[in-house]
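Biologist: I am in my first year and still learning to read structures. Please choose one part of this one, look at it closely with me, and explain the terms as they come up.

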Amino acid sequence: TQLKYKAIARSGVFEEVNEAYSTQVCSCCGAKPDSSPKGRTDLGIRHWICSECGAEHDRDINAAKNILAAGGHPRLDGGILVLQGE
Ligand SMILES: [Zn+2]
């Protein structure tokens, strides 16, 4: 609620998305390959390579890209935009 309030107050964008499988899906090709980390047993896997397209992923950055895409944002090649006035 606080995040939504702050985003709207600064003319930002707020969107709730379903984060299911955001760690397992490749943010480059959209596949859920066998090589991606699965469940609690693979929590220690921080880096992985997509067996479908060969992309190398940091677990958290890959998940963040998938969450942004789920919210309707374009894939970010140049990083995350900075809010004006911050
Ligand atoms: Zn891939």
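Modeller: What follows is a close look at the metal site and the loop around it.

A word on the ground rules: residues are numbered from 1 along each chain as its sequence is written, and side-chain values use heavy atoms, with hydrogens and water left out. This is a predicted model, in which local features need a pLDDT of at least 70, side-chain atom pairs count only at pLDDT 80 or more, and totals for chains, interfaces and linings use all residues. That score, pLDDT, is the predictor's confidence in each residue, from 0 to 100. Here the protein averages 86, and 85% of the residues score at least 70.

Let us get our bearings before zooming in. The protein has 2 helices and 2 strands, and from the N terminus on they run α-β-β-α. Both kinds of element are DSSP runs numbered from the N terminus: helices are H or I with at least four residues, strands are E with at least two. Among these elements, β1 has the highest mean pLDDT, 97, and helix α2 (residues 59-70) the lowest, 91.

Now to the zinc ion. Which atoms hold on to it as donors? They are the SG atoms of C26, C29, C50 and C53, lying 2.3 Å from the zinc ion. To count as a donor, an N, O or S atom must be within 2.8 Å of the metal (3.2 Å for Na, K and Ca); water is not among the atoms, so sites may look incomplete. The angles among the 4 donor atoms run from 106 to 114°, and the site is tetrahedral. Four donors earn that word if all angles lie between 85 and 135 degrees. For four tetrahedral donors, the ideal angle at a metal is 109.5 degrees.

Try finding these cysteines in the sequence: their spacing is C-x2-C-x20-C-x2-C. The pair C29 and C53 links distant parts of the chain, 24 residues apart: C29 sits in the loop between α1 (2-9) and β1 (47-49), whereas C53 sits in the loop between β1 and β2 (56-58). Are these two buried or exposed, or in between? C29 is partly exposed at a relative accessible area of 38%, and C53 is partly exposed as well, at 40%. The cut-offs are under 20% for buried and over 50% for exposed, with partly exposed in between (1.4 Å probe, protein chains only). Across the 86 residues of the protein, 19% count as buried.

What about disulfides? The count comes to 0, where a disulfide means a pair of cysteine sulfur atoms within 2.5 Å. C28, for example, is in no disulfide, and the nearest cysteine sulfur, that of C26, is 4.6 Å away. C28 counts as exposed, at 57% relative accessibility.

The loop between α1 and β1 has more to show. Q24 is found there and counts as buried, at 14% relative accessibility. Leaving aside neighbours within four places in sequence, Q24 is in contact with residues including A31, P33, S36 and W48; contact means heavy atoms within 4.5 Å. S22 lies in this loop too and is buried, with a relative accessible area of 10%. Beyond its neighbours within four places in sequence, S22 is in contact with N62, A63, N66 and I67.

That brings us to I67, found in helix α2 and partly exposed at 30%. With neighbours within four places set aside, I67 is in contact with V17, E19 and S22. The C-alpha atoms of I67 and E19 are separated by 6.2 Å, although the two residues are 48 residues apart along the chain.

Two other residues of the loop deserve a glance at their backbone. Most residues other than glycine have a negative phi. S11, in the loop between α1 and β1, has a positive phi of about 55° although it is not a glycine. Y21, placed in that loop as well, also has a positive phi, near 70°. S11 counts as exposed, at 70% relative accessibility, while Y21 counts as partly exposed, at 48%.

Methods
Tetrahedral: all angles 85-135°; square planar, octahedral: opposite > 155°, others 65-115°.
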